[in-house]
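Work through these short exercises with the model open. Each task is followed by its solution.

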Amino acid sequence: MSRPLALLDAASLYFRAYYALPDSMTAPDGTVVNAVRGFTDTIARILTDRRPGRLVACMDADWRPAFRVEALPSYKAHRLADPVNNVEEVPDTLTPQVPIILDLLDAVGLAVAEADGYEADDVIGTLVAREATDPVEVVSGDRDLFQVVRDEPTPAAVIYVGRGWAKAEVLGPRELAERYALPPENSGPAYADMALLRGDPSDGLPGVAGVGEKTAAKLITRFGSLEGLLAAAAADDKLVPLRVKTALADAAEYVAAAPRVVRVALDADVTIDRDDAVPVEARDLDRVRMLQEKWDLGASVDRLLAALPAAHA
């Protein structure tokens, strides 16, 4: 089997690094660099442990896309610092670190991708859908991306790092099906439908009242998909419990709008800034060393350079 394509849910990873590491990690000018160092270490671990042949850091061009808000105004609304300008509430010391991360990725020669008007999840969904050559490993700390797992035409799995890299879990279609009692033949799309019914307060998704995760999984497994469940409920299928029919009817507006919100896009207009092959060595080593010194990134940059293929030749 060929070496995998690693797709990084970049914001998920640097947010987690920010909260996992102390803000006493600072550059000489006082800029906090804990997210930069943690994110850099994560990439080094991915390169060392997973040995991808290709890697793309996927970014949010829009953390709260208009098409999702139009469908469901509550989507991520509780995270707004400035509702008028759709500005996310982000810690003051994290925002300045993102350009440093991008500078370092550019100097090393690692690819970055985004799509205007879309989230990183959509970039990942689109790149998975496009991939017909290599197996795909999506690295994320968010469960939303479980929906992209598949067997064909190339396998796609999620390396879930919600509890840190040391406790990373690799979830393909079979593992996802076993964990959530979903049908193994389409556990990825089934997960999205289950999540829609269950809801997710962290994203402002109310879900269907009285339908928890286990009930949602049973319903989607029994009827194959959200559409199958709704058709069965509309046909007064006796396999749909009366309380579920009532709950679906009460939540009809949400259920109609939510697929656009919950399901990742598969056709976003993704822009990748360079070839996604993992560089044999740093594209601009002098610039890497300059950034390392300027931002006091120390051993984190050394570990990233040591993880590049040339260091193992």
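**Exercise 1. Find the residue that stands opposite A6, then place the pair in its strands.**
This is a predicted model. Start at A6: its opposite number is E137, in β6. Next, take the two strands. β1 covers residues 5–9 and β6 covers residues 136–140. They run parallel and share four bridges.

**Exercise 2. Place β1 and β6 in their sheet, and name the edge strands.**
Read the strand order: β8-β7-β6-β1-β2-β5-β9. That makes seven strands in an open sheet, and the pairing is mixed. Now go to the ends. β8 (169–171) and β9 (271–272) are the edge strands, each paired on one side only.

**Exercise 3. Judge the compactness of the protein chain.**
First, list the secondary structure: 13 helices and nine strands. Then compare radii. The radius of gyration is 21 Å, and the globule rule gives 20 Å for 313 residues. The values are close, so the chain is as compact as a globular protein of that length. For the outline, the C-alpha atoms fill a box of roughly 70 × 50 × 35 Å along the principal axes.

**Exercise 4. Describe burial, contacts and surface.**
Take burial first, with the cut-off at under 20% relative accessible area. Buried residues account for 52% of the 313. Turn to contacts between residues at least 6 apart in sequence: 67% of them join residues at least 24 apart. Finish with the surface. About 14,200 Å² is exposed, and carbon and sulfur atoms supply 53% of that area.

**Exercise 5. Compare the centres of the two charge sets.**
Count the charges: 33 positive and 50 negative. Then take the mean position of each set. These lie 6 Å apart.

Methods:
Residues numbered from 1 in each chain as written. Predicted model: local features only at pLDDT ≥ 70, side-chain atom pairs only at ≥ 80, totals over all residues. Heavy atoms only, no water. Rg over C-alpha atoms; globule rule 2.2 N^0.38 Å. Buried < 20%, exposed > 50% of the residue type's maximum accessible area, 1.4 Å probe, protein only. Contact = heavy atoms within 4.5 Å. Areas by Shrake-Rupley, 256 points an atom, 1.4 Å probe, with all protein chains shown as cover. Lys, Arg positive; Asp, Glu negative; His and termini not counted. Charge placed at Lys NZ, Arg CZ, Asp CG, Glu CD. Pairing = 2+ DSSP bridges.
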